[in-house]
Amino acid sequence: MVEPPNFRKPIFGQDFYWRPLAAPPRGVIGQGIAVSDTEILMVAHHLPITVVVGASGTTVQALTTSRALLRKAFDAQTCILLRGYIPILLRALPFRLSHPDKDLEVLVDQLVGSASDGRSIYSLEGTLDPTVARVRDTLVRCHTGIEHLTAAANQLFAANLLVELPALADERRSIRCYTVNFDALQSLGKLQLVGLASNGFLTMDLIASLIFSMRHLRPGVRNGQGSNTDIGPVPMTAEAIDRLVREAGRIELELDDGDMIHADVLSNIPLDGA
């Protein structure tokens with residue numbers, strides 16, 4: 001059993017320096033990582049996105065549990081994330097915001113006693129060091145984005161557009177993961193789709209991320225059946241590509257009656273950068 005890491009609010013006059021983390025501590029790595037609205041489309045290229053419902057409420061998370069993924073997310077020895085993009089909450093470590101007060105906290109194991117071993121937390125005047133202040137501001141914006149995605153996920157629940165992935169529930173079913181019900185999505189009318197896009201398209205971004213990122217899940221998980229066999233990536237057959245092209249051609253992407261790029265404008269763009 002891995003002990004949860006110890007975080008606390010840094011104290012001016014007592015906690016002077018901190019050192020960066022090479023990788024997240026094992027106790028921080030759970031089943032998933034909450035993601036923000038500003039990064040969800042990027043994260044979807046690297047990890048499966050799901051709507052997670054648990055004791056602490058609803059969040060949109062990137063799954064990292066090995067039993068769900070085609071390829072493991074973390075190195076077993078170093079705990080380094082094996083992906084091209086690192087979500088904000090992981091990049092911000094050893095700092096985080098407390099819940100629910102949203103005070104800045106630091107991992108106690110990363111506090112050090114001298115400048116030669118670490119970096120400053122506070123200035124001489126008692127304000128946060130500029131680097132730490134930027135981390136704090138980034139975390140505040142990140143948590144705002146997490147709340148925005150929670151609201152978008154609740155909109156999908158209200159529209160009955162989510163379906164559970166039972167293979168990802170824990171033994172007591174205290175944590176449940178959901179993705180888009182594609183049949184229900186296709187049955188929506190135009191006015192319903194307009195309603196989903198009323199919050200700056202964030203709900204539509206969430207839908208796209210949920211669907212697109214399912215490719216990172218093992219087929220048994222996608223189909224609602226558990227599987228502990230790491231089968232590797234699923235090959236894209238010619239038949240699957242043909243079907244994808246046919247389906248994509250039926251999706252209405254126009255926003256108005258105009259062209260996105262006019263041919264006469266495109267022809268006047270200089271190719272030499274002048």
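**Burial, cores and pocket lining in the predicted model**

Thr203 is buried, its relative accessible area being 0%. The model is a predicted one. Thr203 belongs to helix α6, which covers residues 202–212. A polar contact of 2.6 Å links the side chain of Thr203 to the side chain of Gln155. With neighbours within four places in sequence left aside, the contacts of Thr203 are Ala152, Gln155, Leu156 and Leu196. Gln155 is thus a partner of Thr203 in the side-chain polar contact and also appears in the contact list of Thr203.

The protein has 274 residues, of which 37% are buried. Its secondary structure consists of nine helices and 11 strands. Among contacts with a separation of 6 or more, 70% are between residues 24 or more positions apart.

The largest nonpolar core comprises 39 residues. Within this core, Ile49, Val60, Leu156, Leu206 and Leu210 have the most contacts. Helix α3 gives the most to this core, contributing six residues. A second core, separate from the largest, has 12 residues, including Trp18, Phe95, Val106 and Tyr122. Val60 is in contact with Ile33, Ala34, Val35, Ile40, Ile49, Thr50, Val51, Leu149, Ala153 and Leu206, its neighbours within four places in sequence being left aside. Two residues of that list, Ile49 and Leu206, are themselves named among the core members with the most contacts.

Ala153, one of the contacts of Val60, is located in helix α3. Ala153 counts as buried because its relative accessibility is 0%, and the cut-off for burial is under 20%. Outside the neighbours within four places in sequence, Ala153 is in contact with Val51, Thr58, Val60, Leu162 and Leu206. The C-alpha atoms of Ala153 and Val52 are 9.4 Å apart in space, while the two residues are 101 residues apart in sequence.

The second largest pocket has a volume of about 1300 Å³. Its lining is made up of 40 residues, and those closest to the pocket centre are Gly32, Ala34, Ser56, Gln61 and Leu89. By residue class, the lining divides into 19 nonpolar, 16 polar and five charged residues. At least two lining residues come from each of β3 (32–34), β4 (49–54), β5 (57–63), α2 (88–91), β6 (95–97) and α3 (130–158). Helix α3 gives the most, with five residues; α3 likewise gives the most to the largest nonpolar core.

Strand β5, one of the elements that supply the pocket lining, holds Thr59. The side chains of Thr59 and Gln61 are joined by a polar contact of 2.9 Å. Gln61 is one of the residues closest to the centre of the second largest pocket. Beyond its neighbours within four places in sequence, Thr59 is in contact with Thr50, Val51, Val52 and Thr150.

Ser98 lies in the loop between β6 and β7 (104–107). The relative accessibility of Ser98 is 11%, so this residue counts as buried. Apart from neighbours within four places in sequence, Ser98 is in contact with Asp103 and Glu105. Ser98 and Phe7 are 91 residues apart in sequence, and their C-alpha atoms are 8.7 Å apart in space. Lys102 is also in the loop between β6 and β7. Lys102 is partly exposed, with a relative accessible area of 37%.

Backbone geometry was also examined. Most residues other than glycine have a negative phi, and most peptide bonds are trans. Lys102, which is not a glycine, has a positive phi of about 60 degrees. Asn160 likewise has a positive phi, near 60 degrees, and is a residue other than glycine. Asn160 is placed in the loop between α3 and β10 (162–164). With a relative accessible area of 58%, Asn160 is exposed. The peptide bond joining Leu93 and Pro94 is cis, with omega about 15 degrees. Pro94 lies in the loop between α2 and β6, and both of these elements supply at least two residues to the lining of the second largest pocket.

Key:
Residues are numbered from 1 along each chain as its sequence is written. This is a predicted model: local features need pLDDT of at least 70, side-chain atom pairs count only at pLDDT 80 or more; totals for chains, interfaces and linings use all residues. Side-chain values use heavy atoms; hydrogens and water are left out. On a 1 Å grid over the protein atoms alone, a cavity is a set of points where a 1.4 Å probe fits but cannot get out, and a pocket is an open set with protein on both sides within 12 Å along at least five of seven lines; lining residues have an atom within 4 Å of a point. Grid points are joined across faces, edges and corners, and a volume is the space filled by probe spheres set on the points. Helices (H or I, at least four residues) and strands (E, at least two) are DSSP runs, numbered from the N terminus. Ala, Val, Leu, Ile, Met, Phe, Trp, Tyr, Cys and Pro count as nonpolar, Asp, Glu, Lys and Arg as charged, and the others, Gly among them, as polar. A polar contact is a pair of N or O atoms within 3.5 Å; within protein, one must be able to donate a hydrogen and the other to accept it, and residues adjacent in sequence count only if both atoms are side-chain atoms. Contact means heavy atoms within 4.5 Å. A nonpolar core is a set of buried Ala, Val, Leu, Ile, Met, Phe, Trp, Tyr and Cys residues joined through side-chain atoms within 4.5 Å. Buried means under 20% relative accessible area, exposed over 50%, partly exposed in between (1.4 Å probe, protein chains only).
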